[in-house]
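Here are some exercises to work through with the model open beside you. Try each task before you read its solution.

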Amino acid sequence: MAESVPVRCPACRREHVYAAPSYPCVCGAPVTPELDRNAVPEALTHHTWDDDWITVQCTACGRQDQWPRPELGCPCGTVLRVPLVQERSERGDALTEEAQGESDSGAGTGRESETADSGADEGTGQAAPAPSDSRRPRIPLPRAAPSPRPPFHPVTIRTARDAVTAAALYLRWLGYQEIRRADQRPPSGIGLAARGVLAQIDPTLRPASLRDVECLWLTAMTESTGCVYFSLAGYAEDARSVADSLGVPLFVLDLTGTPQPVNSLADELVAAGA
């Protein structure tokens, strides 16, 4: 269970007890960012995609993925961005690298001459022999078959942001990498992009229309990539028909955060993965 830390609102000085949410890694282990109890929380005025997501490493398998940044809403109306231990470490590493760079700049000439001398054999002036075949790195052979995916662990949908998080987790579970906000904003909903796919998430209570599906498909065609649609309220009948003809997998997001396939294309995507 995640550790609870005290968080004081800088606007009203009210103190809260906050625990960061845990998200499931593809290996099945829970991933929880470590909160910095010694840092002062920041009042958030607006959201951006880069600031809303952070890279956290799974302690079980070592995999690094992006997860929503911990935030806390104060009753006074202020949204607090809760500081993380890893951010303090990253700032310290950046300062260390900067100082090291300044130190190295004065000694570069000496090291270059030493490097040049070390490459030649003493006494003969000839270059050192190349490493033998036994010392060269070996390229691993590909596996005979891909490893099976672990069960998908959903997140409960309470807000529109939860719906986007659920869709992003599902895309990652399918095997898509480098998930980010899409470059082009869709006419409705929220767009996500990954290597090889463009996804649209509609968190409203209105069924997705034929135009919504066609716009997603046209955008994907201009970017020469595949596409997939996630809707919280389902699809109109003509939208399902045109999705089948255009080759667009359709999913419905239930409130548990588990996408349910709507057409056969979605079933095929779940079976094959990315």
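In β9, which residue is the bridge partner of leucine 72? Keep in mind as you look that this is a predicted model.

**Exercise 1. Find the bridge partner, then lay out the sheet around it.**

Step 1. The partner of leucine 72 is leucine 80 in β9.

Step 2. Widen the view to the two strands: β8 and β9 (residues 79-81) pair in the antiparallel sense, over 3 bridges.

Step 3. Now add β5, and you have an open sheet of 3 strands in the order β5-β9-β8, with antiparallel pairing. The edges are taken by β5 (42-44) and β8 (71-73), each with a single partner strand, so one side of each has no neighbour in the sheet.

Step 4. For the twist, ignore strand direction: neighbouring strands are turned by 35 degrees against each other on average.

**Exercise 2. Describe helix α4 by its span and its burial.**

Step 1. Start with the span. Helix α4 covers residues 160-174, 15 residues in total, and reaches 21 Å from first C-alpha to last, close to the 21 Å expected at 1.5 Å a residue.

Step 2. Turn to burial, for which the cut-off is under 20% relative accessible area. By that test 12 of the 15 residues of α4 are buried, so the helix is mostly covered. Among them are Ala163, Val164, Leu169, Tyr170 and Trp173.

Step 3. Look just past the end of the helix: glycine 175 takes a positive phi of about 115 degrees there.

**Exercise 3. Follow the aromatic rings that meet at tyrosine 170.**

Step 1. The structure holds 7 aromatic pairs. In one of them, phenylalanine 152 and tyrosine 170 have ring centres 5.0 Å apart and planes at 85 degrees, so this pair is edge-to-face.

Step 2. Place the two rings in the chain. Phenylalanine 152 sits in the loop between α3 (108-118) and α4, while tyrosine 170 belongs to helix α4, 18 residues apart.

Step 3. Check their exposure: phenylalanine 152 counts as buried at 16% relative accessibility, and tyrosine 170 counts as buried at 4%.

Step 4. Tyrosine 170 also forms an edge-to-face pair with phenylalanine 251, at 5.5 Å centre to centre and 65 degrees between the planes. Phenylalanine 251 lies in strand β14 (residues 250-253), so this pair ties helix α4 to a part that is 81 residues apart in sequence. Both of these residues are buried.

Step 5. Put the rings together: ring pairs link Phe152, Tyr170, Trp173, Phe230 and Phe251 into a cluster.

**Exercise 4. Sort some salt bridges by the exposure of their residues.**

Step 1. The count comes to 5 salt bridges. Begin with glutamate 15 and arginine 8, whose closest N and O atoms are 3.1 Å apart. Glutamate 15 is partly exposed at 48%, and arginine 8 is partly exposed at 36%.

Step 2. Next take glutamate 178 and arginine 195, which meet at 2.4 Å, N to O. The glutamate is in the loop between α4 and β10 (180-181) and the arginine in the loop between β11 (190-194) and β12 (197-202), so the pair ties together parts 17 residues apart in sequence. Glutamate 178 is exposed at 53%, as is arginine 195 at 54%.

Step 3. Finish with arginine 206 and aspartate 202, at 3.6 Å, N to O. Here arginine 206 is partly exposed at 36%, whereas aspartate 202 is buried at 1%. Asp202, Arg206 and Asp212 are linked in a network of salt bridges.

Conventions:
Residues are numbered from 1 along each chain as its sequence is written. This is a predicted model: local features need pLDDT of at least 70, side-chain atom pairs count only at pLDDT 80 or more; totals for chains, interfaces and linings use all residues. Side-chain values use heavy atoms; hydrogens and water are left out. Two strands pair if DSSP finds at least two bridges between them. Helices (H or I, at least four residues) and strands (E, at least two) are DSSP runs, numbered from the N terminus. Axes are lines fitted to C-alpha atoms, for helices over the stretch in contact, and angles run from 0 to 180 degrees between N-to-C directions. The expected span of a helix is 1.5 Å times one less than its number of residues. Buried means under 20% relative accessible area, exposed over 50%, partly exposed in between (1.4 Å probe, protein chains only). Rings of Phe, Tyr and Trp (its six-membered ring) pair if their centres lie within 6.5 Å; planes under 30 degrees apart count as stacked, over 60 as edge-to-face and the rest as tilted. A salt bridge is a side-chain nitrogen of Lys or Arg within 4 Å of a carboxyl oxygen of Asp or Glu.
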